[in-house]
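Here is a short walk through a structure. Keep the view open as you read.

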Amino acid sequence: MLAWLARRLALATVTYAVVTVVLFFLMRATPGDPLQRLDDDRPMPPAERERLEAIFGLDQPPLVQFQRFLGGLVQGDLGTSIEFYPLKVRDVVASRVVPSLLLGTAVLLVNFTLGVWLGVFQARRRGKAVDRWLTRIALTGYAMPSFWLGLMLVALVAVEWRLLPAGGFTSPLLRADASFAERGLDVLRHLILPTLTLSVVTIAVTTRYQRTALIEVLRRDYVQAARARGLREARVVWRHAWRNALFPVLTLFGLWLPILVTGSVFVEEVFAWPGLGGLAATAIGSRDYPVLMATALLASGAVLLGGVLTDLAYVWLDPRTQSA
Amino acid sequence: MTGSLLATLARAWRNPSGRAGILMLAALALAALLAPALLPDPAAMNLELGPVAPSADHVFGTDRLGRDLLSRVAHGARVSLSVAGLAVTLSLSLGVSIGVVAGLAGGWVDTLLMRFVDALLAIPRLFILLLLLAVWDQVPLSALILIIGLTGWFVTARLVRGEVLRLRAEGFVEAATALGAGPLRTIFRHLVPNTLGVILVAATLGVGEVILLEAGVSFLGVGVRPPTPSWGGMVFDARSFNTSAPWMVFFPGAAIVITVLAMNLVSDALRAAFDPRSA
């Protein structure tokens with residue numbers, strides 16, 4: 001098990017190294033340079049441009065830049081943000097972690113409760129009209145651009161009905177002496193619409209996995225045996241079958257990990273949610289390469305870590321897969 | 001193979017969801033084809049009119065420049081569908097070629113290619129696109145298609161490689177070679193047709209994914225730019241009118257939902273038709 005884990009982690013590390021190289025050269029290989037945009041309104045004096053190039057290390061040949069980038073990376077230094085100059089990228093990123101985790105956790109909670117329940121519900125009624133229509137509804141949600149759904153929800157729920165805030169993390173009108181509970185409730189109110197949006201566009205995956213897995217298990221002999229012993233259907237499904245059908249859904253966690261880490265670029269942008277996904281959207285708008293790079297590195301790291309965790313779950317729950 | 005392919009398509013058509021998807025796609029294609037003949041110029045502005053709500057004159061309403069939204073959404077179908085179609089064709093060609101090469105060559109070529117694919121698959125595609133698109137002030141449509149196409153072959157390459165390995169293990173390549181087929185004939189007459197199921201499913205899923213991605217990058221302001229009507233770009237344009245003129249956001253987005261949903265329905269039906277056990 002340990003040897004397996006070591007091999008798997010080594011593989012992921014090698015992949016991450018390749019990712020780093022690819023990302024750096026993606027950023028450098030394209031025409032134009034990061035400071036170009038600052039020229040938009042009026043041309044920069046050459047002296048000023050040289051000064052800025054020196055600050056961001058753009059006056060060096062690509063290989064030296066890559067060396068510096070790697071050197072900084074191992075020390076956890078990702079350079080200086082262009083948009084939030086003179087803040088360090090590291091500090092800009094760090095300030096966005098908590099909201100991202102909060103949104104990601106909320107979405108995961110919905111997926112693993114409502115999503116799982118719906119999957120079980122559909123599996124028990126497979127082939128019936130209600131099963132087919134729930135699948136179609138979930139697929140419709142899955143086809144929605146999250147930014148569009150978000151904008152529609154803002155127009156309807158926040159502006160038309162005035163039920164919930166349209167965006168942000170906290171209300172600017174909150175009294176300075178508000179209690180902890182009041183503050184928590186305020187953040188919670190801001191959390192509802194982004195969570196709803198992301199859940200609608202992702203839940204189809206969870207329900208589909210759970211539905212397929214449970215249908216598979218419900219066919220097995222031991223489930224028939226449990227029924228034959230006269231157990232109530234709900235007990236057969238939840239106590240006997242579901243436990244064995246939970247496994248594929250748990251492995252989905254690896255797939256969702258990136259959402260937990262970088263949130264959603266579009267949803268955070270639409271709701272002005274101060275997370276890492278929103279940061280990436282801001283960075284693209286202002287062509288803030290160092291920050292964009294940092295978010296891409298984080299997102300890729302999350303994908304790889306998610307893959308390792310998924311494999312780990314497989315091996316842990318079913319040791320036979322270790323050889324694969 | 002062609003016979004069984006037709007039979008497979010017929011099976012997909014008999015599936016109600018698959019048929020709904022195919023009909024939705026046919027309607028979209030028709031709208032895209034007929035738009036220039038039947039609808040007003042999508043770029044014709046009427047600044048005095050401004051944004052008006054849907055009415056008999058303008059079924060989808062008009063945007064902030066008084067342009068007819070129905071016409072813009074229909075013309076947007078041309079842009080979105082052709083971007084997606086061309087990009088996916090490029091991705092599939094690359095994916096199939098690289099998958100076949102990796103699967104047939106084996107050894108270090110295979111290992112090297114697949115390690116590289118692993119790394120590319122670890123980077124969320126949106127971030128690759130954003131890094132590549134950020135440098136352009138106004139990305140030309142051809143470059144956008146190229147960039148989206150070049151970032152979409154990784155999964156296909158993996159799937160096709162897997163299929164080739166499976167066919168090889170079944171003695172397929174040996175049999176073809178024994179019958180005197182050269183390498184090219186083996187690839188194009190024997191291997192590729194037998195991976196068609198995987199390829200078709202990947203194609204339909206890919207078109208849906210690319211339409212969402214194109215809309216996404218256009219919404220972030222680095223994709224298709226005005227005056228070219230694209231669905232994502234129209235939502236981007238309409239964003240600040242979200243509350244005062246919600247129809248400007250609603251219709252282009254609804255067009256995206258319908259297209260992507262149709263693609264996913266067709267993809268599901270094809271998968272089930274190719275592999276009846278998985279349904």
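In chain A, take the contacts between residues at least 6 apart in sequence: 72% of them join residues at least 24 apart. This picture comes from a predicted model. Chain A has 14 helices and zero strands. Read along the sequence, its pattern is α-α-α-α-α-α-α-α-α-α-α-α-α-α. The C-alpha atoms of chain A fill a box of roughly 85 × 55 × 40 Å along the principal axes. Of the 324 residues in chain A, 38% are buried.

One helix of chain A deserves a stop. Helix α13 of chain A spans residues 276-285. Nine of its ten residues are buried, so α13(A) is largely enclosed by the rest of the structure. Buried here means that 20 or more other C-beta atoms lie within 10 Å of a residue's own. The buried residues start with Leu276(A), Gly277(A) and Gly278(A). Leu279(A), Ala280(A) and Ala281(A) are buried too. Thr282(A), Ala283(A) and Ile284(A) complete the list. Just after α13(A) comes Arg287(A), which takes a positive phi of about 55°.

Ile284(A) also leads across to chain B. Leu130(B) touches Ile284(A) and Leu292(A), along with Val217(B) and Val222(B), leaving aside residues up to four places away in sequence. Leu130(B) and Leu292(A) appear again in the largest nonpolar core, which has 145 residues. Leu292(A), Leu129(B), Leu130(B) and Leu131(B) are the residues with the most contacts inside that core. Which helix gives the largest share of this core? It is α12(B), with 17 residues. Another core lies apart from this one and has 14 residues. Among them are Val116(A), Ala213(A), Val237(A) and Ala241(A).

Now turn to the contact between the chains. It takes 38 residues from chain B and 37 residues from chain A. On the side of chain B that touches chain A, four helices each supply at least two residues: α4, α5 (125-133), α10 (196-219) and α12 (247-274). The largest share of that side, nine residues, comes from α12(B). By class, the residues of that side of chain B divide into 28 nonpolar, seven polar and three charged.

Follow α12(B) to a partner in chain A. Helix α7 of chain A, residues 146-160, packs with α12(B) at an angle of about 145°. Their axes are 10 Å apart. The crossing of α7(A) and α12(B) is left-handed. From α7(A), the contact uses Trp148(A), Leu151(A) and Met152(A). From α12(B), it uses Val249(B), Phe250(B), Gly253(B) and Ile256(B). The contact of α7(A) with α12(B) has six nonpolar residues, one polar residue and no charged ones.

Finally, look at a pair inside chain B. How do α4(B) and α7(B) pack, and at what angle? Helix α4 of chain B (residues 107-122) and helix α7 of chain B (residues 154-169) pack at about 140°, with axes 9 Å apart. That angle makes α4(B) oblique to α7(B). The crossing of α4(B) past α7(B) is left-handed. Val117(B), Leu120(B) and Leu121(B) in α4(B) meet Phe154(B), Ala157(B) and Arg158(B) in α7(B). By class, the contact of α4(B) with α7(B) has five nonpolar residues, no polar ones and one charged residue.

Key
Residues numbered from 1 in each chain as written. Chains lettered and ligands numbered in written order. Predicted model: local features only at pLDDT ≥ 70, side-chain atom pairs only at ≥ 80, totals over all residues. Axes fitted to C-alpha atoms, helices over the stretch in contact; angles between N-to-C directions. Parallel < 35°, antiparallel > 145°, perpendicular 65-115°, else oblique. Left-handed = near helix turned anticlockwise from the far one by under 90°. Contact = placed C-beta atoms within 7 Å. Nonpolar A, V, L, I, M, F, W, Y, C, P; charged D, E, K, R; others polar. Core = buried A, V, L, I, M, F, W, Y, C linked by C-beta atoms within 7 Å. Buried ≥ 20, exposed ≤ 12 C-beta atoms within 10 Å, placed from the backbone.
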